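Please open the structure in your viewer and keep the selection tool at hand. The tour below proceeds from one selection to the next and describes what is found at each stop.

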Amino acid sequence: MSPNEFLDACAIEPAVLELRPDYRVQLLVVDGLSPNLGSRRGDDVADDLIRAAQDHAQALLSESAVDQLPHISAWREALTRRAQKGLPRVNVLTDIYNAISVLHQIPLGGEDFALYAGPARLIRATGQERFDTTADGEVVVEHPDPGEVVWCADAGVTCLRWNWRQARRTGLSEATRTVFFILDALSPVSDTELSAAADALAQALSALGSDVSVSRRVIGAS
């Protein structure tokens, strides 16, 4: 599927919106990324954003405990707490979206679009779905809890607990050329704040290639 066809086919199960009627998601497919993601330019973009995210986290946490920050308390997000001491460095793409997540206080996940099978769907799990991950360096298959909210595609679960723990199968790497991003929002995050986070992500990634294109779709309450 083309990026727009893929986004048009993505869906949220009604049971999820019954659980949280205020839920919205901004989906992006970013294509045309440079083969040289590990180049100095990509590293510079990630470095600048990581520094800004760490400074932002320190400022926020100097005034309030992490579980009292309004955008975080809805999710019990841990990334901001980690950013106070230094965000983990994984690869350019992951580093960029982790920084944007902290800067905008919005849960954000990225998947290798080429490794996706079928459209993304947000569902309440039965508990039988497959989730591939690693344990002690070995590939293992786990299963979500019954009723847990998960992102999935045709090959199984791609992310557990909404947008918290991503599968090994679709993980980003330096070889990734097209990325599918998921930006989650619950109240009190506004539609404007959600869109601003997506804008910042798209702008950061535009520096990673001369032909970068971004396709977007919002699904949910609004």
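Is E142 buried, exposed or partly exposed? With a relative accessible area of 28%, E142 is partly exposed. Please keep in mind throughout that this is a predicted model.

**Stop 1: from E142 to its partner**

Keep E142 selected and add R165. The two residues form a salt bridge in which the closest N and O atoms are 2.9 Å apart. E142 belongs to strand β6 and R165 to strand β9, so the pair ties together parts that are 23 residues apart in sequence. R165 is likewise described as partly exposed, its relative accessible area being 26%. Next, select D47, R89 and D95, which are joined into one network by salt bridges that share partners.

**Stop 2: two further salt bridges**

Side chains of opposite charge can pair when their charged atoms come close. The count for this model comes to ten salt bridges, and two more of them merit a selection.

Select D191 and R24, whose closest N and O atoms are 2.9 Å apart in a salt bridge. D191 sits in helix α7 and R24 in strand β2, so this contact ties together parts that are 167 residues apart in sequence. The two partners can also be described by their accessibility: D191 is partly exposed at 39% relative accessible area, whereas R24 counts as buried at 5%.

Then select D154 and R121, a salt bridge with its closest N and O atoms 3.4 Å apart. D154 is located in the loop between β7 (149–153) and β8, and R121 in strand β4, so the pair ties together parts that are 33 residues apart in sequence. D154 counts as exposed at 56% relative accessibility, and R121 as partly exposed at 29%.

**Stop 3: the open sheet**

Switch to a cartoon representation and select β3, β10, β2 and β11. In that order, these four strands form an open sheet with antiparallel pairing. The edge strands are β3 (108–112) and β11 (213–220), each of which pairs on one side only. From one strand to the next, the twist averages 20 degrees.

Now restrict the view to β3 and β10 (residues 179–185), which pair in the antiparallel sense over five bridges. To find one position along this pairing, select D112, which stands opposite V179 in β10.

**Stop 4: the helices across the sheet**

Add helix α6 (residues 92–104), which lies across β3 and β10 and runs at about 160 degrees to β3. Then add helix α7 (residues 191–205). Which strands does helix α7 lie across? Helix α7 lies across β2 (24–31), β3, β10 and β11, running at about 15 degrees to β2.

**Stop 5: aromatic pairs**

Show the aromatic side chains, for which the count comes to six pairs. Select Y23 and W162: the ring centres are 5.0 Å apart and the planes stand at 50 degrees, so the pair is tilted. The pair links distant parts of the chain, with Y23 in the loop between α2 (14–19) and β2 and W162 in the loop between β8 (156–160) and β9 (165–166), 139 residues apart. Both Y23 and W162 are buried.

Move on to Y116 and F180. Here the ring centres are 5.3 Å apart and the planes are at 80 degrees, so the pair is edge-to-face. Y116 lies in the loop between β3 and β4 (121–124) and F180 in strand β10, so the pair ties together parts that are 64 residues apart in sequence. Y116 counts as buried at 11% relative accessibility, and F180 counts as buried at 0%. Extend the selection to F6 and F113, which form one aromatic cluster with Y116 and F180.

**Stop 6: backbone exceptions**

Most residues other than glycine have a negative phi, and most peptide bonds are trans.

Select Q105, in the loop between α6 and β3. Q105 has a positive phi of about 55 degrees although it is not a glycine, and it is buried, with a relative accessible area of 11%. Next select D136, in the loop between β5 (131–135) and β6 (138–142). D136 is not a glycine either, yet has a positive phi of about 55 degrees; D136 is exposed, with a relative accessible area of 82%.

Finally, select S187 and P188. The peptide bond from S187 to P188 is cis, with omega near 15 degrees, and P188 is found in the loop between β10 and α7.

Definitions and conventions. Residues are numbered from 1 along each chain as its sequence is written. This is a predicted model: local features need pLDDT of at least 70, side-chain atom pairs count only at pLDDT 80 or more; totals for chains, interfaces and linings use all residues. Side-chain values use heavy atoms; hydrogens and water are left out. Two strands pair if DSSP finds at least two bridges between them. Helices (H or I, at least four residues) and strands (E, at least two) are DSSP runs, numbered from the N terminus. Axes are lines fitted to C-alpha atoms, for helices over the stretch in contact, and angles run from 0 to 180 degrees between N-to-C directions. Contact means heavy atoms within 4.5 Å. Buried means under 20% relative accessible area, exposed over 50%, partly exposed in between (1.4 Å probe, protein chains only). Rings of Phe, Tyr and Trp (its six-membered ring) pair if their centres lie within 6.5 Å; planes under 30 degrees apart count as stacked, over 60 as edge-to-face and the rest as tilted. A salt bridge is a side-chain nitrogen of Lys or Arg within 4 Å of a carboxyl oxygen of Asp or Glu.
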